[in-house]
Amino acid sequence: MKLKLIFLLALSCVLLTGLLGQYNEKDILLQQANTQMAQRQYTQAEQLYLQVLQKFPNDLNTVLQLTNLYFSLSQTDKAEKLLLDNQRIIPAQMWQEQHIQLLVLKAEVNNAWQESMAYLDANNHDENKYRQIASYFARKGFNDKVLELYQMARVKLTNPELFRLEIANTSMLNRMFELSIKEYLSHLEKNPVNLFFVSNQLKTMLQEDSTLIIVVQEFAGKNPNITVQEAYANSLVYLAKYSEALQIYKKMDLPKLYRFAEELIASGNDNVAYQAYDYISTIEKDSLKAADLAYRRANIRFLQADFTSTETILREAINLPLWKDRSLSLRSQVGMKLRKLMADNSLALGEPADSALAWLEKAKTFGRDNLEKQSIDLEIARLLIMTGERNRAVSIIAATNQPALNENRDYLHFLTALLWGEIEIADSLMNEYIIKYPASANANDAIYLNMLTLGMEEADQKVFFNAIRLLQMNNESGLDSLELVFQHNKDEELRLLAIEWSLGFGNIVRAIKLLDYEFSDPVAQEYAQLLQFLVTKDKDEQQRIAKEFLKEKPNSIFSPNFRQKISRMASPKPNL
């Protein structure tokens, strides 16, 4: 009896070992096949799957994997033979799904549709089954059938909200834009997180046909949903209808309106941004935020060289009662920023430097800590350098001990030496500055000023340094000095500098006159073309200039600037 039991146990072990060996072999072959698939080695993968089926003919998983391989390669004859040969081991519903895919791949659309209807009837028109069958038709681009399936599902399941996004995407592919827009906006109403995606889809369709904005407008006019309204506003922005977009944003909450105004500033739409800030100021209850809005409006007018309006706005803000409560006013930088801008504006209005210095001293009293106060000290020092008061400036610079201000402090050291004609010292300080602060915004200015100076005669240097002082104090007469030096030494960099400052002063007429010149240096020529683009008001002409430049000089150092400008013109939202 014991011997018989031992024999049976031994036999069981042998059989089990054989089975394990078989399964290990199958797993190894399947793993190898999957690896080949991942590496797009489809022929090798096919052979490995066939090996598995030769040894394990009833393995359903392998049949399905090989079928999908044939589908992906559009090898419909092989797929059909494989399905027919193995129909007995494939569950009926699964076999029908595979067969519908096969018919679609063979472009037997009518047969595929009939079988799809039978399949959906058999599965009680399950929502997921509609999605599954639609994916088969979508794979081969039969979008009309995809759309018909989704719309049929709505009727059969009595749910008009079904497949909003799918119908929107499919109708867009079919260039049924009006339907697509309505479906996207209906989807957005219940899925506000998709605002960015839907706005981009609307932009794409508006690129094809800008008159479609009427469809968006009509939908938004009947639907007060705030996200739908924002999508409409974004569409208006894309079409450069900024004022109309602002009217929509006025109906939204303050954070959205603030963001819209900031995006307008970033995209260069200052006038509409001003209107936005002006409107916000009528409803903003927080006194500090109201003061900040005044600063933003004043800054826009200052950058537009409307210095009289700037002063009016600043004086109104500076006279607000809130500044009497120091505990309140010191919660923000705005008190300091308003008075600093007043200093800059007083210079632009041609007032004496003492007036600007007085405003800077007032700004300093609103500094909340040593860092802010010393930052104003450096502004005072800069102005003293420009007015020729070197000793006072040097004393203030030397007293600056905040590490965060070292970069600006050291630049003023360089500027002092340069403007007093100490060229060798300035050259040494410039080299030290570039080593210490290679990424500084002042590094290029230091190099540029030093480069211009090194090639000048002493008499020209004096005129040039005077020009820099005047320009730094917003005195437009500095342009005359720059032109004098240029007439003497013909350095084209000086002419370009004069154009830049003319644009900064908002003197477009003078900038255009200075651009009317044949630059001989290739880099100067290219930069002049970019400046010409900037002074051109007509959008179509801007596009022509930019495209012509990129066509002729795609690898120019200025090409990214032109590409950015073109991109900004076509942006659905203001470029940040």
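In the predicted model, Glu 148 is partly exposed, with a relative accessibility of 34%. Its salt-bridge partner is Lys 145, and the closest N and O atoms of the two side chains lie 3.7 Å apart. Lys 145 itself is buried, at a relative accessible area of 16%; this value falls under the 20% limit, so the residue is not assigned to the partly exposed class. Both residues belong to helix H8 (residues 143-156), where a spacing of 3 residues places Lys 145 and Glu 148 about one helical turn apart.

Two further salt bridges join separate helices. Glu 230 pairs with Lys 256, with a closest N to O separation of 2.9 Å. This pair links distant parts of the chain, since Glu 230 is located in helix H13 (residues 226-238) and Lys 256 in helix H15 (residues 254-266), 26 residues apart. Glu 230 is buried, at 1% relative accessibility. Helix H15 also contributes Glu 262, which forms a salt bridge with Arg 296; here the closest N and O atoms are 3.2 Å apart. The connection again spans distant parts of the chain, from Glu 262 in helix H15 to Arg 296 in helix H17, with their positions 34 residues apart in sequence. Glu 262 has a relative accessible area of 36% and is partly exposed, and Arg 296 is likewise classed as partly exposed, at 23%.

Over the whole structure, 31 salt bridges were found. Some of the charged residues are joined in a network, which comprises Arg 154, Glu 161, Arg 164, Glu 183 and Lys 190.

In soluble globular proteins, nonpolar side chains tend to be buried together. The largest nonpolar core of the model contains 127 residues, and Leu 185, Leu 338 and Phe 464 have the most contacts inside it. A separate, second core has 23 residues, including Met 117, Leu 120, Leu 149 and Ala 153. Beyond the residues up to four places away in sequence, Leu 338 touches Ala 291, Tyr 295, Leu 314, Ala 317, Ile 318 and Trp 323.

Two buried residues were examined individually. Ile 313 is situated in helix H18 (residues 307-318) and is buried, with 7% relative accessibility. With neighbours within four places in sequence set aside, the contacts of Ile 313 are Tyr 274, Ala 294, Arg 297, Ala 298 and Arg 301. The C-alpha atom of Ile 313 is separated by 54 Å from that of Leu 162, which is 151 residues away along the chain. Asn 345 is part of helix H20 and is buried, at 0% relative accessibility. Apart from residues up to four places away in sequence, Asn 345 touches Phe 302, Phe 307, Thr 310 and Glu 311.

Empty space was analysed next. Rolling a probe the size of a water molecule over the atoms shows where such space is left. The second largest pocket encloses about 1200 Å³. Its lining is made up of 34 residues, and those nearest the centre of the pocket are Arg 382, Asp 445, Gln 472, Asn 474 and Trp 501. Two or more lining residues come from each of helix H17 (287-303), helix H20 (334-348), helix H21 (353-365), helix H22 (370-387), helix H24 (406-419), helix H26 (441-454), helix H27 (458-472) and helix H29 (492-504). By residue class, the lining of this pocket consists of 21 nonpolar, 6 polar and 7 charged residues.

For enclosed space, the structure holds 1 cavity of 30 Å³ or more. The volume of the largest cavity is about 30 Å³, and the lining residues are Gln 101, Val 104, Leu 105, Tyr 136, Arg 139 and Lys 140. At least two of these residues are supplied by each of helix H5 (92-105) and helix H7 (127-139). Helix H5 gives the most to the lining of the cavity, namely 3 residues. In terms of residue class, the lining of the largest cavity divides into 3 nonpolar, 1 polar and 2 charged residues.

Technical notes:
Residues are numbered from 1 along each chain as its sequence is written. This is a predicted model: local features need pLDDT of at least 70, side-chain atom pairs count only at pLDDT 80 or more; totals for chains, interfaces and linings use all residues. Side-chain values use heavy atoms; hydrogens and water are left out. On a 1 Å grid over the protein atoms alone, a cavity is a set of points where a 1.4 Å probe fits but cannot get out, and a pocket is an open set with protein on both sides within 12 Å along at least five of seven lines; lining residues have an atom within 4 Å of a point. Grid points are joined across faces, edges and corners, and a volume is the space filled by probe spheres set on the points. Helices (H or I, at least four residues) and strands (E, at least two) are DSSP runs, numbered from the N terminus. Ala, Val, Leu, Ile, Met, Phe, Trp, Tyr, Cys and Pro count as nonpolar, Asp, Glu, Lys and Arg as charged, and the others, Gly among them, as polar. Buried means under 20% relative accessible area, exposed over 50%, partly exposed in between (1.4 Å probe, protein chains only). Contact means heavy atoms within 4.5 Å. A nonpolar core is a set of buried Ala, Val, Leu, Ile, Met, Phe, Trp, Tyr and Cys residues joined through side-chain atoms within 4.5 Å. A salt bridge is a side-chain nitrogen of Lys or Arg within 4 Å of a carboxyl oxygen of Asp or Glu.
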